Structure formats: C-alpha cells, structure tokens
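Subject: the structure I promised you

Hi,

Here is the structure I said I'd pass on. Have a look at it first, then read my notes below.

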Amino acid sequence: MLVDKLTPIIARYDEISQQLLDSTIISDIKKLTQLSKEQSSIEEVTKKAKLYLQTLESIKENKILLEDKDLGELAKEELKELESQKIALEEEIKLLLIPKDPNDDKNIYLELRAGTGGDEAGIFVGDLFRAYCRYADMKGWKVEIISSSENDVGGYKEMIALIKGAGVFSRLKYEGGTHRVQRVPQTESQGRIHTSAITIAIMPEVDDVEVVIAPNDLRIEVFRAGGHGGQCVNTTDSAVRITHIPTGISVSMQDEKSQHKNKDKAMKILKARIYEAQLQEQLSQNSQARKNQVGSGDRSERIRTYNYPQNRLTDHRIGLTLYSLEEIMLSGNFDPIIDPLIAHTQSEMMSGIE
C-alpha cells in the first residue's frame, strides 16, 4: 500500500524538524548540514504525502455523506474532484519515490570509438561528437577534449572528452552502447549504402574517495609519443600507459607534452573506467535494475541506428523512430530521444511502487 510507504517518510520529516530545533544540533554544523540535506531531499514528497492523506480522509467523509438527503448531491460532486486529485497525487508521489541515481549530478567522460566499418566509422565518431558538443552548448555545459586519435580521412579512431555541467550524467547516461550508421560514405564512388558502427561509453567523473587504488595494483609505463601518420610529436618519453593489474583495464595518454599531465589525465580516466566496470557488475547482479535501466551503458548492446537515406533515427531499446535525423545531427538537440528514454525508465520504476 502506498500509505504504508508514506507514513514513515512523514514521520522522519517531522522528526528532523524537531531535531533542528535542538540547541545541541544547531551548534553542530556537520550534523546540522546532514539533517538539513536529508530533510530537503524528502520535503517535496512529504508535502504531497500529507495532501494525499488529507484527500483520502476527505473521500472517506464524503462517501459517508452520500446517504445524506441534503448533502448527498454535493458530496457526489466533490467525490469526483477528490478521486481525480487522488489519482494525480498517486502518480506524482510514485515519481518522487523513485530512488535517485547518485551519479545523476556528476560530470562525465564521453568516450567514442570507431568500430566496424573502417574509415567511415571514424568519420561518424567525429560527426556524433560534434552533435554532442552542440547539445552541450544548448544545455550550458562545458566540453574539454581529453584525448583524440585521428584516422587518415579526417575522422577519429577514438575521442575522449570531459563534459561538465548540471545534470550531465542524468541525461547522457542513455547514450552508452553501440551506435550504427547507414549512409553513403564520402569515400564511396559507387553510391552504395554502407553500414558501420561506433561504441560509446559514458563514465561518471569520480572523486578519489569513490575509487581507491593501491599503488601496487598499477603498472605505469612511459614511452615516446607518436603523432598522426607515425611522426614523432615529442622527443622525450612523455606518453604514459597505466594498467590496473586486478582488472586489466588500461589507459594510454599522449596528448600533453608533459609526462606529469598525461599521467594525471590517464589516472582520472582509469578511475572512471574502473567505477563504470563496478556499476556494470552491480547492474548484472540486479536483474530488476537491469530491466529498468535503459541507460546501462553496455557497449555490446546495439542501442541506436542512424539511417541517412531515410532521414531516420531509431532507438531500439524503446522502439522509438524519428524521421528528423538530419535536423537532430545539425542542431545537436537530442531531447526528442532522451526525454522518451527517461520517461520509459521512470514508468518501469514506478510500476514497482504500489
């Protein structure tokens, strides 16, 4: 019953309100901040819960009044409004009761890699990255390229960027997976449609306390950086490769001329990859969470197809098809795709709340 879930929340909110009046709490800044933050997190659902309980009580009272010859008709009319209000409140409360993803407010590392399709896949890495940059600009986020590896035709074998801003992970977490593109490549003289694919990983930026790595678990190698086409871009051993021995996860970084800067960047990405691997492990152990989470970020999962000849974009996870591919790629407005994915996830999670 929904009421059974709401009663302890209201009780906890009222309990915190009393604690915040206690002089010993007021003088303890750490405790005061902790309690204020907790109260703030349940304030909205508490308000809706109290209104919901009042509505249930009013429905009960009006049902009794239905038998009254003087007030029966009035009670009947009021009941219609109260029943509608009850249904609306239930939906709002269920949405508020969905557990918040602790990573939603974090910045992300966006990693795009060319997959099958050769040069064309690399070109699409660049196309999609630029579309994401336009989306970031639209949202007021900042994009910092951390590492890039070009191919021979102006595309990229790999692109890693840090995207900073409010709620970045909450929206872009749905982009992780395999993206397939169907179009006539620039390199195709016969006009044949080519299918290629790229993989995207969305990794939350993590604090040092979230991923603790023992120094003995790392193998750090330095080597001379090589540029596009094989030429040397540095005469010193500034490039760095760091391998996390227990997991085998490895990161190479050579974009900076300073070995120290390359090492610092590589460590940050390594921690993000380890954290992502831990999230995937937790998700694989929780079948219900895996069912609900369309934004699992599993790179092996084909999530989307970009069909240029038909101007069609299809997200396979929720069966969404839009015939505005060119507009989306040019504007960078991914909201028409991301909003339905969020709504689907919320609907799945709400269905488990009675």
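What follows is a short tour of what turned up in it. Keep in mind that this is a predicted model.

**The cores**

Let's start inside. The largest nonpolar core has 38 residues, and the members that touch the most others are Leu110, Leu112, Leu128, Tyr306 and Phe334. Several elements give two or more residues to this core: the strands are β1 (108-114), β3 (156-164), β5 (194-204) and β11 (320-322), and the helices are α5 (119-139), α6 (168-172), α9 (325-331) and α10 (335-350). Helix α5 gives the most, with 9 residues.

Tyr306 is a good place to click. Leaving aside residues up to four places away in sequence, Tyr306 touches Phe124, Leu128, Leu313, Leu325 and Met329, among others. Its contacts also include a run from His179 through Arg180 and Val181 to Gln182, plus Arg312.

There is also a second, separate core, with 22 residues, including Ile213, Met253, Ala266 and Ala272.

**A long helix to look at**

Next, find α4, which covers residues 72-97. This helix has 26 residues and reaches 36 Å from its first C-alpha to its last, close to the 38 Å expected at 1.5 Å a residue. Which of its residues are buried? They are Gly72, Ala75, Leu79, Leu82, Lys86, Leu89, Glu90, Ile93 and Lys94, so the list holds two lysines and a glutamate as well as leucines. The buried residues of α4 pack against α1 (2-19), α3 (29-65) and α10.

**Strands and a hairpin**

One open sheet has 3 strands in the order β6-β7-β8, with antiparallel pairing. Its edge strands are β6 (218-223) and β8 (249-253), each pairing on one side only. From one strand to the next, the twist averages 15°. Between β6 and β7 (residues 239-244) there are 6 bridges, and in one of them Leu218 has His244 as its partner in β7.

Elsewhere, β9 (302-307) is largely enclosed by the rest of the structure, because 5 of its 6 residues are buried. Strand β4 (residues 177-183) runs parallel to β9, joined to it by 5 bridges, and Arg180 stands opposite Thr305 there. With β10 (312-315), β9 runs antiparallel through 4 bridges; Arg304 has Asp315 as its bridge partner in β10.

β9 and β10 form a hairpin with 4 residues between them. In that turn sits Asn311, with a positive phi of about 55° although it is not a glycine. Why mention it? Most residues other than glycine have a negative phi. Is Asn311 buried or partly exposed? Asn311 counts as partly exposed, because its relative accessibility is 24% and the cut-off for buried is under 20%.

**One more asparagine**

Asn151 lies in the loop between β2 (142-150) and β3. Asn151 counts as buried because its relative accessible area is 6%. Its side chain reaches the backbone nitrogen of Gly155 at 2.7 Å, and a polar atom of that side chain lies 3.1 Å from the backbone nitrogen of Val153. Gly118 is 33 residues away from Asn151 along the chain, and their C-alpha atoms are separated by 9.4 Å.

That's the tour. Shout if you'd like to go through any of it together.

Cheers

Key. Residues are numbered from 1 along each chain as its sequence is written. This is a predicted model: local features need pLDDT of at least 70, side-chain atom pairs count only at pLDDT 80 or more; totals for chains, interfaces and linings use all residues. Side-chain values use heavy atoms; hydrogens and water are left out. A nonpolar core is a set of buried Ala, Val, Leu, Ile, Met, Phe, Trp, Tyr and Cys residues joined through side-chain atoms within 4.5 Å. Buried means under 20% relative accessible area, exposed over 50%, partly exposed in between (1.4 Å probe, protein chains only). Contact means heavy atoms within 4.5 Å. The expected span of a helix is 1.5 Å times one less than its number of residues. Two strands pair if DSSP finds at least two bridges between them. Axes are lines fitted to C-alpha atoms, for helices over the stretch in contact, and angles run from 0 to 180 degrees between N-to-C directions. A polar contact is a pair of N or O atoms within 3.5 Å; within protein, one must be able to donate a hydrogen and the other to accept it, and residues adjacent in sequence count only if both atoms are side-chain atoms.
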